[in-house]
Every structure is written in structure tokens, then in C-alpha cells.
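Trainee: Please take me through one part of this structure closely, and explain each term as you reach it. I would like to see how that part fits with what surrounds it.

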Amino acid sequence: MAPKEPLVISNKDDMRKWSRAMRCQGKVIGLVPTMGYLHEGHLTLVREAHKHANVIAVSIYVNPGQFSPNEDLSTYPSDFDGDIRKLMSVPGGVDVVFHPHNLYDYGNDKRNSNVAIEGDKTVSCVDQGGFGHETWVRVENLQKGLCGNSRPIFFRGVATIVTKLFNIVEPDVAVFGKKDYQQWRIIQRMVRDLDFSIKIVGSEITREDDGLAMSSRNVRLSMKDRQNALSINKSLLRAKSAAADGQVHSEKLRNLVVQCITEAGGQIDYVEIVDQENLEKVEFINGPVVLCVAAWFGKVRLIDNMEINLKMDVRK
């Protein structure tokens with residue numbers, strides 16, 4: 001059977017019409033939101049979506065709302081033609097690719113706010129672009145800590161663009177990767193709190209053969225930095241093994257991870273052990289937790305995590 005070439009839609013109204021036509025046919029619609037430059041991790045999300053839906057939509061949109069003016073929006077990699085070929089390689093393919101130009105440009109009220117926000121670290125590239133967009137979605141507590149400390153507008157941008165995509169695509173199911181663990185939990189909570197009738201599926205982290213978590217940013221790593229970045233997964237595995245052996249003091253596990261990564265030349269953004277549901281820090285592991293890491297290797301910031309589910313409630 002020849003690979004299925006997806007329909008490409010860029011207009012919001014056309015995307016809604018497609019989804020509503022599918023629903024009239026009794027189809028269950030699955031959505032995989034991406035920012036493009038797809039890799040095997042994204043394709044794993046598509047395969048997961050096939051388990052839950054009859055028709056699959058993939059969005060490809062680099063969201064300016066989650067980038068602050070000093071972040072890497074302009075250098076974010078893209079290869080749309082390559083993305084389409086990769087999507088066609090997945091068994092069953094995808095039915096539609098939603099590839100809008102600018103979801104924040106409404107054709108009017110194009111105020112120029114650059115002067116007013118100069119130097120403000122809490123604004124995004126959308127604010128800076130002066131598109132007249134004023135409405136943002138925040139998940140107040142879950143967005144704090146972890147990535148929220150060093151990227152203060154990131155999750156505001158994520159929650160807002162996902163809300164917009166949900167309102168445009170109108171999926172029944174949406175699949176998110178658990179590499180972005182905080183993002184996955186934020187979307188889950190947002191869907192619950194705002195009564196979206198959408199099932200949120202978390203897909204396990206996809207790794208390279210050597211253990212590096214797959215990311216579109218990996219291509220920007222030098223050969224040396226990429227080799228050194230393997231310390232992230234190695235440190236997570238060591239910490240998980242230590243916890244399984246009875247070391248449940250979070251600070252000691254955290255120090256183990258920090259030492260491993262810094263000795264490999266990484267610069268720590270954060271290393272935290274938090275509750276899997278509410279993402280609050282824990283002093284001792286006495287329930288399901290996740291060990292989350294963000295670290296810089298060269299000019300590339302990488303994130304990774306590992307869930308720890310101990311069978312016994314023990315303390316040292």
C-alpha cells in the first residue's frame with residue numbers, strides 16, 4: 001500500500017470544517033501538537049494516537065507565545081517537507097496536517113508594543129510583535145517551579161496555544177510526550193479545570209540508542225556536548241537505582257544527579273524530585289515521584305525526567 005499523503009490545512013475555518021465533517025461520520029479525532037522538525041519521538045506520539053482515534057491530525061506550528069524575546073525562536077529548526085515524509089512513513093499515516101502561519105494575527109489592532117515592554121522578561125515574542133493578542137491561559141500552581149523558574153512565560157504560552165488548537169481542531173484525544181513532564185501535567189489540569197471534553201494521553205519518553213532523550217534541539221549539540229549530555233540519562237538511572245535500593249532522601253539523590261552532570265561539563269538549570277501529580281517538591285520519597293532535570297550543554301538546554309514508583313513506603 002502506498003504511503004498516505006496527509007491533507008495540509010493552514011486556515012482555521014477550514015480546519016474546523018474538516019474536523020466537524022469527520023465527527024459527522026462518527027470518527028474519533030486524535031491530535032498530536034508539534035512544533036515541527038519531527039523526530040522518532042514525535043512519530044511515536046502519532047503511533048500512540050492511532051490506538052485511541054480513527055483519524056489523526058498533527059499540528060505543526062512554532063508557537064511564538066512560549067518564547068521570550070531572548071530565547072531561540074528565530075533559530076528553532078524547521079523542515080516541513082521532511083516532516084511530511086516522516087509522517088507518511090508511519091503505518092496508517094496521518095489524515096491532516098494543520099500548519100497555520102500565525103495564530104496570533106487577527107488582521108486588526110496591530111499595536112506596536114515594543115517600546116513599552118523593552119527589558120521586560122515576562123513578555124513573549126507575541127507581546128513584542130504587537131499582534132493585539134491579550135488573552136492568556138495560566139495553570140496557576142503547576143506552572144511554577146521546574147521550567148517555570150527560568151522560563152516565566154513559557155507555560156502561559158503553551159497553555160494558550162494548546163487551548164487555541166483544541167478550539168480549532170476540536171479533537172477527542174490529544175497525545176503529549178512525557179519528556180515535557182510539567183507541560184503534560186499542566187495540559188491535563190487545564191483540560192480538567194476548563195471542562196474540555198478531550199482525553200489527554202501521555203506517551204513515554206523516546207530515547208536514542210545511547211539513552212539521550214529525543215529532542216528537536218539535539219541537532220544543535222556539538223559532537224562533544226552530545227556525548228557529555230549522555231550524563232543526564234545515566235544520572236537519572238543511577239538515582240532511580242539508588243532509590244530502589246532504599247535511598248529515599250531526595251537531597252542525596254539530587255546531589256548524585258548534579259554531580260554526574262556537572263562532572264560531564266553540564267550547567268544545571270534545575271534538578272528536582274517532585275510529586276507526579278501536583279509537582280510539589282518532596283523531602284523523602286514515600287509515593288510516586290518524578291525526578292526532573294534541565295541542564296545546559298554548550299548553548300543547548302536539554303530536559304529529561306524519570307518516574308520513580310517505589311513499592312514500599314520506607315524512610316532513611
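Mentor: The residues lining the largest cavity divide into 6 nonpolar, 3 polar and 1 charged. In this count, Ala, Val, Leu, Ile, Met, Phe, Trp, Tyr, Cys and Pro are nonpolar, Asp, Glu, Lys and Arg are charged, and the others, Gly among them, are polar. Please keep in mind that this is a predicted model, in which local features need pLDDT of at least 70 and side-chain atom pairs count only at pLDDT 80 or more, while totals for chains, interfaces and linings use all residues. Residues are numbered from 1 along each chain as its sequence is written, and side-chain values use heavy atoms, without hydrogens and water.

A cavity is a set of points on a 1 Å grid over the protein atoms alone where a 1.4 Å probe fits but cannot get out, and its lining residues have an atom within 4 Å of a point. By this rule there is 1 cavity of 30 Å³ or more. The largest cavity holds about 50 Å³ of space, where the volume is the space filled by probe spheres set on the grid points, joined across faces, edges and corners. Its walls are made by Gly211, Leu212, Ala213, Asn218, Ala229, Ile232, Asn233, Leu302, Ile303 and Asp304. Helix H9 (223-244) and strand S9 each give at least two residues to this lining. Helices (H or I, at least four residues) and strands (E, at least two) are DSSP runs numbered from the N terminus.

Let us follow S9 from here. 9 of the 9 residues of S9 are buried, so this strand is largely enclosed by the rest of the structure. Buried means under 20% relative accessible area (1.4 Å probe, protein chains only). Val300, Leu302, Asp304, Met306 and Ile308 point one way from S9, whereas Arg301, Ile303, Asn305 and Glu307 point the other way. You can find Leu302 and Asp304 from one group, and Ile303 from the other, in the cavity lining too.

Now for the partners of S9. Strands of a sheet pair through backbone hydrogen bonds, either parallel or antiparallel. Here 3 strands form an open antiparallel sheet in the order S7-S8-S9, and two strands are taken to pair if DSSP finds at least two bridges between them. Strand S7 (267-275) and S9 (300-308) stand at the edges with a single partner strand each, so one side of each has no neighbour in the sheet. On average, neighbouring strands of this sheet are turned by 10° against each other, direction ignored. Such angles run from 0 to 180 degrees between N-to-C directions, using axes fitted to C-alpha atoms, for helices over the stretch in contact.

S8 joins S9 through 9 bridges, running antiparallel. Their hairpin has 2 residues between the strands, and Gly298 in the turn has a positive phi of about 65°. On its other pairing, S8 (residues 289-297) meets S7 over 8 bridges, again in the antiparallel sense. Leu291 is a good place to see both pairings: Leu291 stands opposite Met306 in S9, and Leu291 is also the bridge partner of Ile273. Helix H10 (residues 250-263) lies across S7 and S8, at about 155° to S7. Contact, for statements like this one, means heavy atoms within 4.5 Å.

For contrast, look at the parallel sheet. This open sheet has 6 strands, in the order S1-S4-S3-S2-S5-S6. Strand S1 (7-9) and S6 are its edge strands, each pairing on one side only. Its neighbouring strands are turned by 25° against each other on average, direction ignored. S1 runs parallel to strand S4 (residues 96-98), joined by 3 bridges, and Val8 has Val97 as its bridge partner in S4. Helix H7 (residues 154-169) packs on this sheet, touching S2, S3, S4, S5 and S6, with its direction at about 145° to that of S2. H8 lies across S5 and S6 and runs at about 170° to S6.

One residue of H8 (residues 181-193) deserves a look: Ile186. Ile186 is buried, with a relative accessible area of 0%. Leaving aside neighbours within four places in sequence, Ile186 contacts Val139, Leu142, Gln143 and Phe155.

Conventions
On a 1 Å grid over the protein atoms alone, a cavity is a set of points where a 1.4 Å probe fits but cannot get out, and a pocket is an open set with protein on both sides within 12 Å along at least five of seven lines; lining residues have an atom within 4 Å of a point. Buried means under 20% relative accessible area, exposed over 50%, partly exposed in between (1.4 Å probe, protein chains only).
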